[in-house]
Amino acid sequence: MQDENHIIAERRAKLAEWRRSGQAYPNDFARQNTAGKIADLYDARTRDELADSPVEVSVAGRIMLKRVMGKASFITIQDLSGRLQVYVSRDQVDETTYDAFRRWDIGDIVGAVGTLFRTRTDELTVRCTEIRLLAKSLRPLPEKFHGLTDQEQKYRMRYLDLITNEQTRFTFAVRSRIVQSIRSHMVAHGFLEVETPMMHPIPGGATARPFATHHNALDMNLFLRIAPELYLKRLVVGGLEKVFEINRNFRNEGISPRHNPEFTMMEFYEAYSDYRQLMDFTEGLIRHSAREALASECFEYQGRTLDLGRPFARLTIVEAIRRSHPGYGVAQLGDPEWLRDRLRALAVDPPHGAGLGALQLLLFEETTEADLWDPTFIVDYPAEVSPLARRSDRDPEIAERFELYIAGREIANGFSELNDPEDQAARFLEQARAKEAGDEEAMYYDADYLRALEYGLPPTGGCGIGIDRLVMLLTDSPNIRDVILFPQMRPE
RNA sequence: GGGUUGGUAGCUCAGUCGGUAGAGCAGUGGACUUUUAAUCCAUUGGUCGAGGGUUCGAGUCCCUCCCGACCCA
């Protein structure tokens, strides 16, 4: 940790001196206006109009730029809404204040009262009659022109990134709008927002390794949830026919540009719906959030155009593979031996028990997934890798399941829910066997969930949407850490 | 785990063939009553990621390690 250097020492000395003059951290300054609001309201006023009918404002913010001249100075302050120039002259504020002001630093928080005017270059500016130091900043800000560029520092000290980088502020404002748009869309469609446990006695609803913790009073092991799915479906059993939850999931796995150990998911369930209707709804929801957040369905992602306005494609796994690799024949893709050879050639070791569908899926993930730039629903997942999804009536080896890919990334995963308690029991048994055979990601046998299913889950469709990944798309962010305020980092 | 690339002042970065460690910003002192990344003059500030080696001499060359970033798995 870079610490006490001469700059900090000088600022501490200034603070010590400032304390002697009274309350160094006052909280009685009444801010009445923000920079953005002032620009909205008065940017159209001419110099003469401002002179003829003076507008008094009271603003506050952080000093970002400072231009001190002999007896008059300019500072640029920044608040949540933007920047504003403030003019401080010895004629308007008293001499003591002006002399003190000259010693304030970039990064300090100030409050200013005055009237609006236009400078020679026509910039809307506050002519101060009063200026106060509200909070001393002891640490120097990053270089004022380049800002903070070190990626690691941006993640570790997000506040500094937010102070200095407008793009970062924009990204998180858009994130908020996206979440808000999803929430309002769900509510408008009659869904009930719920909160289900984050601590699960049995981690379920996904295939992933959990974080473990312990409840002392109950002397009981608990797991941070890897998915809310099984609880949300219990609610549908309970008659809450349309529910959704926007919340964190935790998966004890690797960190990558697309993976953070905790990430945000929106899951929703609708009784008497199925995976086909879910695809329609999901498509509409994603389009809606793009429109609300960006005012457009068409935008650039990493230098390439993404158009969410056009209908999303729907392809089976085999169709998708053949589209991006026309050299692979239908017969080959239906031949487990050929698939195994192919995968091994790609340095993938297929699990022993993997069936045809699982092998096709592995090949898809290996060769095709990353090429799916335009929004594409991949359908007909193998039942063996979909232990909570309903089997297809036309082929019991296939589940009524889809995943949505955009820009080469999985954004959503949904299916017709498995509501046959006996089939579910059989699938849990299969998972339990796989776990015993060493598959750490396999699911646990969840008797409590089965009991709920035995009371009767109506035919239901459910879907999860990765919020972080959606935000990445809509903010043109290459790394999931860019859309999570405090991403997980290695200890310093 | 592999590849590429980086770690030099608080920040952003230069540093040539191995020969006394630099600039801009920030800071400090001074000038300046309409500046715009203000300007002008002066100036403080360095364990060059760590350790070892080669050498008369290492920020620079060699070896090992640590910590990042990006790409791949």
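Begin by selecting strand β11 together with strand β18 (residues 460-466), which run antiparallel to each other and are joined by seven bridges. As you look, keep in mind that this is a predicted model, and that what follows describes that model.

Within this pair, pick out glutamate 267, which stands opposite glycine 464 in β18. Now turn to the other neighbour of β11 and select strand β10 (residues 242-250), which is joined to β11 by nine bridges and also runs antiparallel to β11. Here glutamate 267 appears again, since DSSP pairing makes glutamate 267 in β11 the bridge partner of glutamate 245. Asparagine 247, for its part, stands opposite methionine 265 in β11.

With β10, β11 and β18 displayed, is β11 largely enclosed or not by the rest of the structure? Colour residues 262-271 by accessibility and you will find that nine of the 10 residues of β11 are buried, so the strand is largely enclosed by the rest of the structure.

Next, widen the selection to the whole sheet, which is open, has eight strands in the order β6-β10-β11-β18-β17-β16-β15-β14, and shows mixed pairing. Follow that order outwards to β6 (192-193) and β14 (313-316), which stand at the edges with a single partner strand each, so one side of each is left without a neighbour in the sheet.

From the sheet, move to the nonpolar interior. In soluble globular proteins, nonpolar side chains tend to be buried together. Select Ile182, Met186, Met266, Phe268 and Ile406, which touch the most other members of the largest nonpolar core, a set of 43 residues. To see where the largest share of this core comes from, add helix α9 (residues 275-294), which supplies eight residues.

Stay for a moment with isoleucine 406 and show its surroundings: leaving aside residues up to four places away in sequence, isoleucine 406 touches Ile286, Leu306, Leu308, Leu372, Trp373, Pro375, Ile411 and Leu473. Another core lies apart from this one and holds 26 residues, among them Ile38, Val55, Val93 and Ile131, which can be selected together as the next stop.

Two loop residues deserve a separate look for their backbone. Most residues other than glycine have a negative phi, and most peptide bonds are trans. Go to the loop between α9 and β12 (298-301), where alanine 295 is found; its phi is near 60 degrees, a positive value in a residue other than glycine. Is alanine 295 buried or exposed? Alanine 295 is exposed, with a relative accessible area of 67%.

Continue to the loop between β12 and β13 (304-307), in which glutamine 302 lies. Glutamine 302 has a positive phi as well, near 50 degrees, and is likewise a residue other than glycine, while its relative accessible area of 43% makes glutamine 302 partly exposed.

Finally, clear the selections and view chain A as a whole, where the secondary structure comes to 16 helices and 18 strands and the C-alpha trace spans about 85 × 55 × 50 Å along its principal axes. Of the 492 residues of chain A, 49% count as buried, and among contacts with a separation of 6 or more, 66% are between residues 24 or more positions apart. With the surface switched on, chain A exposes about 24,200 Å², of which carbon and sulfur atoms supply 49%. Colouring by charge brings up 62 positive and 77 negative side chains, and the centres of these two sets lie 7 Å apart.

Definitions and conventions:
Residues numbered from 1 in each chain as written. Chains lettered and ligands numbered in written order. Predicted model: local features only at pLDDT ≥ 70, side-chain atom pairs only at ≥ 80, totals over all residues. Heavy atoms only, no water. Helix = DSSP H or I, 4+ residues; strand = E, 2+ residues; numbered from the N terminus. Buried < 20%, exposed > 50% of the residue type's maximum accessible area, 1.4 Å probe, protein only. Contact = heavy atoms within 4.5 Å. Areas by Shrake-Rupley, 256 points an atom, 1.4 Å probe, with all protein chains shown as cover. Lys, Arg positive; Asp, Glu negative; His and termini not counted. Charge placed at Lys NZ, Arg CZ, Asp CG, Glu CD. Core = buried A, V, L, I, M, F, W, Y, C linked by side-chain atoms within 4.5 Å. Pairing = 2+ DSSP bridges.
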